[in-house]
Amino acid sequence: MSVTEQPAPAPGQDPDGDAAAEQLRDRISADSLTTRRDYLRIVATVSGGLAVGGIGVAAGMLHRHGDSEKLPEAKLVADQLAPGQSVAFRFPGEEDRALAVRLADGTLVGYSAVCTHLACAVLWREDRGVDGELYCPCHEGVFDVRTGEVSAGPPPRPLPMVFLTEQADGSVWAIATARSGEPAKDALCRQFGDSRPETTRRLGCPGADRAASDESGRT
């Protein structure tokens, strides 16, 4: 039986004993209230810390591959990249992790290597399926290696693409990026813009014919 459920004193019981029992009940009640308040304060502190941490993660995710409107400077990714090989590199900036993969059939693909969930590093696992898979080990996120689309896990968006080109000597270069989920044509048209009128015309970018005419008129 708890202290608060003590029976009434029997006839002839010492009154001083009644007073002591009452003091004990008050002290236990106060201690219980303090414990509950302390618990709530601890929960509030931890919850606040998690909220601040969440804001920090969100702020770190504001910068993403392809956010720049300018065409980045082309970067050498590898002198050679054979089927079944991958290479990590930085592009378009030194803070931007990226990954290039040569699939078994020779297809060359490139993506941001930053998971769209909580910005952990993305790896290529060759032994998963025919083409392998892009995998985030932090929370079991999986992306399709041919498209960058989410295959499994918590990532909310596909991986941003990195556009690669292979030169006659076999060297692989990164030349442009796309935002997450952005169609390749839209990304290239956006970044090439007025700086590559012939390329934008071949792609069929909106306004490309006019830009090419203006360029030829200036020359």
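The following exercises concern the cysteines and a nonpolar core of a predicted model.

Residues are numbered from 1 along each chain as its sequence is written. In this predicted model, local features need pLDDT of at least 70, side-chain atom pairs count only at pLDDT 80 or more, and totals for chains, interfaces and linings use all residues, while side-chain values use heavy atoms, without hydrogens and water.

**Exercise 1.** Determine which parts of the chain the disulfide of Cys 120 and Cys 138 ties together.

*Solution.* Step 1: a disulfide is a pair of cysteine sulfur atoms within 2.5 Å; those of Cys 120 and Cys 138 are 2.2 Å apart. Step 2: Cys 120 lies in the loop between β4 and β5 (123–125), and Cys 138 in the loop between β6 and β7 (141–143), so the link joins parts 18 residues apart in sequence. Helices (H or I, at least four residues) and strands (E, at least two) are DSSP runs, numbered from the N terminus. Step 3: the torsion of -105 degrees about the S-S bond makes the link left-handed.

**Exercise 2.** Explain why Cys 136 has no bond to Cys 115.

*Solution.* Step 1: the closest cysteine sulfur to that of Cys 136 belongs to Cys 115, at 3.8 Å, which is too far for a bond. Step 2: Cys 115 is buried at 1% relative accessibility (buried means under 20% relative accessible area, exposed over 50%, partly exposed in between; 1.4 Å probe, protein chains only). Step 3: Cys 136 is likewise buried, at 1%.

**Exercise 3.** Identify the residues that touch the most other members of the largest nonpolar core.

*Solution.* Step 1: such a core is a set of buried Ala, Val, Leu, Ile, Met, Phe, Trp, Tyr and Cys residues joined through side-chain atoms within 4.5 Å. Step 2: among its 15 residues, these are Val 122, Trp 124 and Leu 134. Step 3: β3 (97–102), β4 (108–112) and β6 (133–136) each supply at least two residues of the core.
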